[in-house]
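User: Please take a close look at a single part of this model. Tell me what sits there and how it is arranged.

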Protein chains: 2
Amino acid sequence: MITVLRLGHRKDRDKRASMHVALVARALGGKKIIFCGEADDDLLQRVHTVSRKWGGRFTAEYATSYRTVLKSFKGARVHLTMYGIPLEKSVANIRKARDILVVVGSEKVPADVYQLCDCNVAVTNQPHSEIAALALFFREVEGKKTLSKRFGGGELSIFPSESGKNVTRNK
Amino acid sequence: MITVLRLGHRKDRDKRASMHVALVARALGGKKIIFCGEADDDLLQRVHTVSRKWGGRFTAEYATSYRTVLKSFKGARVHLTMYGIPLEKSVANIRKARDILVVVGSEKVPADVYQLCDCNVAVTNQPHSEIAALALFFREVEGKKTLSKRFGGGELSIFPSESGKNVTRNK
């Protein structure tokens with residue numbers, strides 16, 4: 001199971017980026033997201049609304065201390081950073097863990113995160129996006145099946161369409 | 001070669017998301033990004049600054065009409081949308097094209113985009129992020145090698161590090 005820890009959320013500036021991180025975690029089969037930084041009830045609410053509408057058991061919560069989350073986690077703690085060891089080299093080892101906590105920062109990551117995690121992993125050593133890095137992390141760790149997770153119990157479902165939108169309200 | 005077309009950019013609201021789209025396109029080996037929507041010289045400048053600093057030949061430009069871009073493109077035009085046919089089913093066909101134009105929207109995609117493209121492709125049929133969808137698109141179409149592209153001629157390079165940051169200024 002993969003849990004995501006999003007560091008340093010800022011209510012205004014990261015409103016959309018943190019939501020994208022959460023949605024990616026959910027869509028690719030993650031279990032939970034934990035936000036640190038500024039407390040943001042509206043963000044938690046928006047994530048839960050998506051889960052209610054589209055199904056599945058993904059949850060979101062807030063933690064005041066990333067240190068406590070990292071120190072108490074039982075499993076592999078993986079920090080995504082462009083400065084780390086390429087994902088291709090680390091993935092075989094990461095896959096052995098039963099539970100994974102994957103840590104994604106926002107603008108500036110506190111220095112101790114590099115030490116508190118079991119590995120610092122780069123999804124390319126180029127600057128891009130923590131949202132994309134998280135998606136590619138799921139893809140490499142979970143394989144292709146990460147793209148076709150099933151979400152039961154939602155209010156809405158999509159039927160894939162070649163040229164439009166086909167959304168059904170579930171009974 | 002993969003070119004990205006970003007629809008409906010809004011200068012304020014999409015400042016960061018459009019930059020993330022561009023950075024993902026570059027980091028994973030794309031050739032160019034074309035922005036439509038509001039003209040934004042600062043955004044183009046920021047993308048070019050990253051290319052100068054970190055190397056490679058990725059470019060960014062602005063087009064006033066997405067219709068003209070789509071109609072004049074020679075190759076496969078692929079629209080990423082949660083309503084489309086799952087990527088896993090479309091990817092073998094897409095890979096046959098020599099040149100690919102991958103279209104990512106922002107909030108609301110004009111209806112004719114669905115018709116102007118050769119295929120509408122879903123990277124999961126769940127709501128998440130156009131940034132993540134684009135990254136996963138590159139991963140499926142290009143394979144693992146999309147994660148280890150080389151970028152020559154930049155001012156800076158990263159040497160992968162297990163627990164910190166190791167950046168070198170190139171001579």
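Analyst: A132(B) comes closest to the rotation axis of the residues of chain B, with its C-alpha at 2.2 Å. This is a predicted model: local features need pLDDT of at least 70, side-chain atom pairs pLDDT 80 or more, while totals for chains, interfaces and linings use all residues. Residues are numbered from 1 along each chain as written, with chains lettered from A and ligands numbered from 1 in written order.

A turn of 180 degrees and a shift of 0.0 Å along the axis lay chain B on chain A, with an RMSD of 0.0 Å (least squares on C-alpha atoms with pLDDT of at least 70 in both copies). That is the relation of a two-fold axis. The copies meet through the same surface, because 100% of the interface residues of chain B are also interface residues in chain A.

Now chain A. Helix α6(A) spans residues 130–142 (helices are DSSP runs of H or I, at least four residues; strands are E, at least two; both numbered from the N terminus). The axis of α6(A) comes within 9 Å of that of α1(A), residues 15–27, and the two cross at roughly 10 degrees (lines fitted to C-alpha atoms, for helices over the stretch in contact; angles of 0 to 180 degrees between N-to-C directions). α1(A) and α6(A) are therefore roughly parallel (under 35 degrees).

From α6(A), E130(A), I131(A), L134(A) and A135(A) take part. They meet A17(A), H20(A), V21(A), V24(A) and A25(A) of α1(A) (C-beta atoms, placed from the backbone, within 7 Å). The residues of this contact divide into 7 nonpolar, 1 polar and 1 charged (nonpolar: Ala, Val, Leu, Ile, Met, Phe, Trp, Tyr, Cys, Pro; charged: Asp, Glu, Lys, Arg; polar: the others, Gly among them).

α1(A) also lies across strands β1 (2–9), β2 (32–37), β3 and β5 of chain A. Its direction makes about 175 degrees with β1(A). The sheet of chain A is open, with 6 strands in parallel pairing, ordered β3-β2-β1-β5-β4-β6 (a pair needs at least two DSSP bridges). At the edges, β3 (59–62) and β6 (119–122) of chain A each pair on one side only. The twist from one strand to the next averages 30 degrees.

Inside that order, β4(A), residues 76–86, runs parallel to β5(A), residues 100–104, joined by 4 bridges. One of the bridge partners is I100(A) in β5(A), opposite A76(A). Helix α4(A), residues 87–95, packs on the sheet and touches β4, β5 and β6 of chain A. The direction of α4(A) makes about 170 degrees with that of β4(A).

Note on methods:
Contact = placed C-beta atoms within 7 Å. Parallel < 35°, antiparallel > 145°, perpendicular 65-115°, else oblique.
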